[in-house]
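Work through the exercises below with the sequence and the three-dimensional structure open beside you. Each task is followed by a solution that goes step by step.

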Amino acid sequence: MADRILVLDAGTTSTRAMIFAPDGTLEGVAQAELTQHYPRPGWVEHDAGEIWEKMLSCAREVVGDVPDRIAAIGITNQRETVVAWDRDTGEPIARAIVWQDRRTAEFCAGMKDYGHEPEVQRRTGLLLDPYFSGTKMRWMLDHDEAVRGAAEKGTLAFGTVESWLVYKLSGGAHLTDASNASRTLLLALDGAQFDEDLGELFGVPRAALPEVVDTHGRLAECHTDCLGAAIPICGLAGDQQSATIGQGCLAFGETKATYGTGAFVLTNKGQDIPRSDNRLLGTVLYQEAGQRTYAIEGACFVAGSLVQYLRDQLGLIGSAAETEALARSIEDSGEVVIVPALAGLGAPHWAPGARGVISGLSFASGRAQIARAALEAMAHQTHDLASAFAADGAPWSRLRIDGGMSANDWMAQDLADMLDIEVERPDFVETTALGAAMLAAVGCGMHAGLEAAAKAMRGGARCFAPQMEEEVREARLARYAKALAAA
């Protein structure tokens, strides 16, 4: 009986395939790390062929020799990463440019100087920043002969990672869902398909772009050569939208924060196109039968990757799990403050040229102080976002958290303390994958709608209540503001 959902979770540092039961129980996982390429400072690349090969390998591992049990596939992905491939060969023609990449900062600055940002923000909900996909596509066309040549021949295909995976799984379907499309700078929030005028502004040919489709429904079909059965692809969403759905933030005003490689906060804004006066982003949360539900978003580029940096580049810790014990081993950070602008600063600052800062060092500062300061940086960045959301008329009354870092109890409590609100963490923190499973379950008819899927598939949660005294909170925020100015 086909009553299981296969989720393909194409992350930044790894790729996973997961099997979910109709009640949200996780029944199988296969995971593979992705190679990170850093050819120059500020540049981050992936091998799109590796993404596909490792995803297919993971999917085959969890599906095994019983593909007939899979009712549908859901895909969630690192959003703004751009893949370029040739329609004739079906193979990538350049390395994928990852969402963290900052190489288009100068191009974005030039667009701002020409006065384009207000209109771009009004139409797309986004700002002119290297983060977004459109400027990466333009860079490829300007600097890569193979990409430019494919465009001239009419064989170029651009897409974000879910587009690339659907293309390979289906044997040629070129599509993207509305949530990922809304991250490109090429989709007007009130437009059904990619916008000709925006494509002309950024110099990206419409012919190279995919069709924009719903986030759930019968969207494409995985051919039998991949997994041994023809399986419908019924759910597609960018990772942060998927996590918002997995957290059950389906009502207006409900908010989640995901702490993975970066930190991303989304608040459900219903059917009204969101507008921000505080440099937050408007984005599509999901789309059903052409009807969109929107969200307002704030993104911090560095979260878990800061802990990874302490481990891999500085050698201060052996594993991410050590940070909680180190943070608890001391009363405070000894005035050490980290501003984790290793890939520039995201919302609400949008300073691509900013660089990381460690301030307050003394002879008393050791690895415990630095590890604690790294965790404290998560609450400091989130507090910046909370202030911007409140100024935009979207204050948080409760924050639902997820992602790998959220498993750290010390950090979860610190968030509650610094934000002075309740923080709720689900028992199953992999809500990005769960959201994709919910979308696919609704898309294939397993559940009647997203509310029904949330009721059936989400489990319990733990709450963290604020305990910090106001003067302690204010002193920390003052130290952070000083360090932030240095960044």
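**Exercise 1.** In this predicted model, find which residues Arg 79 is in contact with, leaving aside its neighbours within four places in sequence, and decide whether Arg 79 counts as buried or exposed.

Solution. Begin by locating Arg 79, which lies in the loop between strand S5 (70–77) and strand S6 (83–86). Next, collect its contacts beyond four places in sequence, which are Tyr 131, Ser 133, Thr 160, Asn 180, Arg 183, Gly 238, Asp 239, Gln 240, Gln 241, Phe 264 and Glu 297. Then look for polar contacts between side chains: one, of 3.1 Å, joins Arg 79 to Tyr 131, and another, of 3.2 Å, joins Arg 79 to Gln 241. Finally, compare the relative accessibility of Arg 79, which is 2%, with the cut-off for buried residues, which is under 20%; Arg 79 therefore counts as buried.

**Exercise 2.** Gln 241 belongs to helix H10; work out how many of the residues of H10 are buried.

Solution. Take the limits of the helix, residues 239–246, and go through them in order. The buried residues are Asp 239, Gln 240, Gln 241, Ser 242, Ala 243, Thr 244, Ile 245 and Gly 246, and this gives eight of eight, so that H10 is mostly covered. Just after the helix, Gly 248 takes a positive phi of about 75°.

**Exercise 3.** Identify the residues with the most contacts inside the largest nonpolar core, and say which helix gives the most to this core.

Solution. The largest nonpolar core has 92 residues, and those with the most contacts inside it are Tyr 131, Phe 158, Tyr 259, Trp 396 and Leu 399. Helix H13 (residues 367–391) gives the most to this core, with 13 residues. Apart from this core lies another, of 41 residues, which includes Ala 17, Ile 75, Leu 175 and Ile 233. To see the surroundings of one residue of the largest core, take Tyr 259: not counting residues up to four places away in sequence, Tyr 259 touches Met 378, Thr 382, Leu 399, Ile 401, Asp 402, Gly 403, Gly 404, Met 405, Ser 406, Met 411 and Leu 415.

**Exercise 4.** Determine where Val 166 is found and what it touches beyond four places in sequence.

Solution. Val 166 is found in helix H6 (residues 161–170), and at 0% relative accessibility it counts as buried. With residues up to four places away left out, Val 166 touches Ile 75, Gly 171, Ala 173, Leu 175, Ala 220, Ile 233 and Leu 236. Among these, Ile 75, Leu 175 and Ile 233 are also listed in the core of 41 residues.

**Exercise 5.** Describe the lining of the second largest pocket by residue and by class.

Solution. Start with the space in this pocket, which is about 160 Å³. Its lining consists of His 383, Ala 386, Ser 387, Ala 390, Pro 395, Trp 396, Met 418, Leu 419 and Ile 421. Two elements, H13 and helix H14 (409–419), each give two or more residues to the lining, and H13 gives the most, with four. Sorting the lining by class yields seven nonpolar, two polar and no charged residues.

**Exercise 6.** Leu 185 and Asp 420 have a positive phi; state for each the loop in which it lies and whether it is buried or partly exposed.

Solution. Leu 185, although not a glycine, has a positive phi of about 75°, and it lies in the loop between helix H7 (178–181) and helix H8 (196–202). Its relative accessibility is 1%, so Leu 185 counts as buried. Asp 420 is likewise a residue other than glycine, with phi near 60°, and it lies in the loop between H14 and strand S20 (422–426). Its relative accessible area is 43%, so Asp 420 is partly exposed.

**Exercise 7.** Find which peptide bond, with omega near -5°, is cis.

Solution. The bond runs from Ala 347 to Pro 348, and Pro 348 is found in the loop between strand S17 (337–339) and strand S18 (357–359).

Note on methods
Residues numbered from 1 in each chain as written. Predicted model: local features only at pLDDT ≥ 70, side-chain atom pairs only at ≥ 80, totals over all residues. Heavy atoms only, no water. Core = buried A, V, L, I, M, F, W, Y, C linked by side-chain atoms within 4.5 Å. Buried < 20%, exposed > 50% of the residue type's maximum accessible area, 1.4 Å probe, protein only. Contact = heavy atoms within 4.5 Å. Polar contact = N/O pair within 3.5 Å; in protein donor to acceptor, adjacent residues only side chain to side chain. 1 Å grid on protein atoms, 1.4 Å probe; cavity = no way out; pocket = protein on both sides within 12 Å on 5 of 7 lines; lining within 4 Å. Points joined across faces, edges and corners; volume = space filled by probe spheres on them. Nonpolar A, V, L, I, M, F, W, Y, C, P; charged D, E, K, R; others polar.
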